[in-house]
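Got your viewer open? Load the model, set it to cartoon view, and let's take a walk through it, one selection at a time.

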Amino acid sequence: MKLRTITINGIVAALYIAITAVIQPIAFSNIQFRIPEIFNHLVVFNKKYFFGVVIGVFLSNLFFSTLLPYDLIFGVAHTVISLSITILLSRYIKNIWGRILANSFVFSIMIFIVAYELKLAIGVPFWETWLLTAVGEFAVMVIGMPIMNAIYKRGIL
């Protein structure tokens with residue numbers, strides 16, 4: 001990797017962790033509104049940001065989650081699988097807005113992994129939890145769509 005890519009990945013991971021620290025009470029529960037999930041859109045613009053997002057999720061879960069080791073396994077798996085699906089879909093979807101929207105749906109649907117984690121860890125009902133976490137995930141991802149697109153257009157990425 002080039003130094004610029006490594007640096008940007010480090011900044012992405014650090015921002016993910018810092019924002020998660022601030023919003024911790026709403027980031028870890030069966031009703032989640034994890035604002036740094038907007039960084040998931042970075043792979044839509046360039047797949048090289050995969051590692052920054054994954055490291056940010058891993059370290060956030062390590063530092064702030066009360067559901068260790070569940071969050072380290074299921075939460076990180078959700079991110080890795082969803083980002084990988086988005087990278088694959090990006091080969092076929094050429095329109096940026098189409099990719100961003102597809103990414104939002106992928107993360108929202110695949111959040112069933114986190115719902116299953118919460119069912120195992122704290123015994124909440126799976127279907128209700130999947131719905132609640134999917135709504136929160138989709139809301140964050142939709143809010144992040146114009147933000148990430150604006151950052152991309154400014155040439156920051």
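Start by selecting F50. This is a predicted model, and in it F50 is buried, because its relative accessible area of 14% falls under the 20% cut-off. You'll find F50 in helix 4, which covers residues 50-64.

Show the side chains around F50. Leaving out residues up to four places away in sequence, F50 touches N9, V43, V80, L83, S84 and I87. Now pick L67 as well: it comes 17 residues away from F50 along the chain, and the two C-alpha atoms are 24 Å apart.

**Zoom out: the whole chain**

Take a step back and colour by secondary structure. How many helices and strands does the chain have? Eight helices and zero strands. From the N terminus on, the order of elements reads α-α-α-α-α-α-α-α. The chain's radius of gyration is 15 Å, close to the 15 Å that the globule rule gives for 157 residues, so the chain is as compact as a globular protein of that length. Turn the model around its principal axes and the C-alpha trace spans about 45 × 30 × 20 Å.

A few totals to keep in mind while you rotate. Of the 157 residues, 46% are buried. Among contacts with a separation of 6 or more, 69% join residues 24 or more positions apart. Switch on the surface: its accessible area comes to about 7,900 Å², and carbon and sulfur atoms hold 74% of that.

**Next stop: helix 4**

Select residues 50-64 again, this time as a whole helix. Helix 4 has 15 residues and runs 21 Å from first C-alpha to last, close to the 21 Å expected at 1.5 Å a residue. Its buried residues are F50, G52, V53, V54, G56, V57, S60, N61 and F64. Look at what they pack against: helix 1 (3-22), helix 2, helix 3 (42-45) and helix 5.

Now click S60, another member of helix 4. Is S60 buried or exposed? S60 counts as buried, because its relative accessibility is 0%. With neighbours within four places in sequence set aside, S60 is in contact with Y16, I17, T20, F28 and S65.

**Through the loop to helix 5**

Follow the chain on from helix 4 and stop at P69, in the loop that leads to helix 5. Zoom in on the peptide bond from L68 to P69: this bond is cis, with omega near -5°. For background, most peptide bonds are trans.

Then select helix 5, residues 70-90. At 1.5 Å a residue, its 21 residues should span 30 Å, and the end C-alpha atoms are 30 Å apart, which agrees. Which residues of helix 5 are buried? They are D71, F74, G75, V76, H78, T79, S82, L83, T86 and S90. The cover over them includes helix 3, helix 4, helix 6, helix 7 and helix 8.

**Helices 6 and 8: a pair to click together**

Pick S104 in helix 6. S104 is buried, with a relative accessible area of 0%. Setting aside neighbours within four places in sequence, S104 is in contact with H41, F138, M141, V142 and M145.

One of those contacts, M141, is worth selecting next. M141 sits in helix 8, and at 0% relative accessibility M141 also counts as buried. Beyond its neighbours within four places in sequence, M141 is in contact with E37, N40, H41, N103, S104 and F107. Add Q32 to the selection too: M141 and Q32 are 109 residues apart in sequence, yet their C-alpha atoms are 12 Å apart in space.

**Helix 7 and its end**

Select residues 112-122, which make up helix 7, and highlight its buried residues: I113, V114, A115, E117 and L118. These pack against helix 5, helix 6 (96-110) and helix 8 (126-153). Just after helix 7 comes G123, whose phi is positive, near 75°.

**Last stop: the surface**

Finish on the outside. Select I26, F33, I35, I143 and I147: together they form a nonpolar patch on the surface, with about 380 Å² of accessible area. Within this patch, I26 belongs to helix 2 (residues 24-27). I26 is partly exposed, with a relative accessible area of 39%.

Notes: Residues are numbered from 1 along each chain as its sequence is written. This is a predicted model: local features need pLDDT of at least 70, side-chain atom pairs count only at pLDDT 80 or more; totals for chains, interfaces and linings use all residues. Side-chain values use heavy atoms; hydrogens and water are left out. Helices (H or I, at least four residues) and strands (E, at least two) are DSSP runs, numbered from the N terminus. Buried means under 20% relative accessible area, exposed over 50%, partly exposed in between (1.4 Å probe, protein chains only). Contact means heavy atoms within 4.5 Å. Patches are made of residues with over 30% relative accessible area and no salt bridge: like charges are joined within 9 Å, nonpolar side chains (Val, Leu, Ile, Met, Phe, Trp, Tyr) within 5 Å. Accessible areas come from the Shrake-Rupley method with a 1.4 Å probe; for residues, only the protein chains shown count as cover. A salt bridge is a side-chain nitrogen of Lys or Arg within 4 Å of a carboxyl oxygen of Asp or Glu. The radius of gyration is taken over C-alpha atoms; the globule rule is 2.2 Å times the number of residues to the power 0.38. The expected span of a helix is 1.5 Å times one less than its number of residues.
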